[in-house]
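Colleague: I'm new to looking at protein models. Could you take me through the buried interior of this one, with a close look at a helix that borders on it?

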Amino acid sequence: MSYNTNQIEINTIIFDIGGVLVDWKPEYMYQKAFNGDDEKMQWFLNNVCTPEWNMEQDAGRTIEEGEKLKIAEFPEHEQLIKLFYKNWTEMFSGPIKKNVELFKNLKNSNNYKIYALTNWSDEKWETALELFPFLKNFDGVVVSGKVKTRKPFEKIYTILLNRFNIIPEKALFIDNNFENCETAKKLEINSIHYKNQKDLIKNLKILKIII
């Protein structure tokens, strides 16, 4: 966590989505594709459809281009590579219910403006809204794929701040990625590195967030 408890009052809360409000892991889908062979699956996810590769689609590269590059590198795995986005919805176990309930309570309280800052492929955002309708309830969202940059680069944070006239010192950012929280800190945005709900609630209380 990164914040000053003597700061001015928080009036804005910014949520990450994947890992905080929804549970997304490629393993959920690829366990089926590899018939439960975890060793082969982990090799594939560590060497072929890697997090770094996926993040380029999150940053605005088209899925078609991403697939083309990866298939050229690993032609023997073409079908498995194409499964990544073809069966993308199977990578979700569902919403993280307690955190979604918290989000809804904060939104309904009208005490805070509630935004989302997410690394997400532009081509998959509409599908996300269909899967998880509560994502339509933010006061505003910045989707990395739409703005062609991603966390943890400072540019996407400044886009959010400028687009919605957010004062950094009055904002709180919640993300499950430590590096993303460190960038927020550099920009004077208060941040909580999300680990579990119990820890999150504890830190919200320290910040005197009305839940």
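Modeller: Here is a walk through one helix, followed by the nonpolar cores and the cysteines. Please keep in mind that this is a predicted model.

Let's start with helix α4, which covers residues 63-73. Its buried residues are Ile63, Gly66, Glu67, Lys70 and Ile71. Looking down the axis of α4, you would find these buried residues within an arc of 125°, so they line one face of the helix. Turn to the other side of α4, and you meet Glu64, Lys68 and Ala72, which are exposed. What lies over the buried residues? The cover includes α3 (51-58), α5 and α7 (122-131).

Helix α5 leads us on to the nonpolar cores. In soluble globular proteins, nonpolar side chains tend to be buried together. Here the largest nonpolar core has 52 residues, and Phe15, Tyr30 and Ile174 have the most contacts inside it. Helix α5 (residues 78-86) gives the most to this core, with 5 residues.

Ile174 is a nice residue to click on. Setting aside neighbours within four places in sequence, Ile174 is in contact with several residues, among them Phe15, Val20, Ile192, Tyr194 and Leu204. There is also a second, separate core of 16 residues, which includes Ile14, Ala171, Phe173 and Leu187.

Finally, the cysteines. Cys49 counts as buried because its relative accessibility is 2%, under the 20% cut-off. Cys181 is also buried, at 2% relative accessibility. The structure holds 0 disulfides.

Methods:
Residues numbered from 1 in each chain as written. Predicted model: local features only at pLDDT ≥ 70, side-chain atom pairs only at ≥ 80, totals over all residues. Heavy atoms only, no water. Core = buried A, V, L, I, M, F, W, Y, C linked by side-chain atoms within 4.5 Å. Buried < 20%, exposed > 50% of the residue type's maximum accessible area, 1.4 Å probe, protein only. Helix = DSSP H or I, 4+ residues; strand = E, 2+ residues; numbered from the N terminus. Contact = heavy atoms within 4.5 Å. Arc of directions from axis to C-beta. Disulfide = S-S within 2.5 Å.
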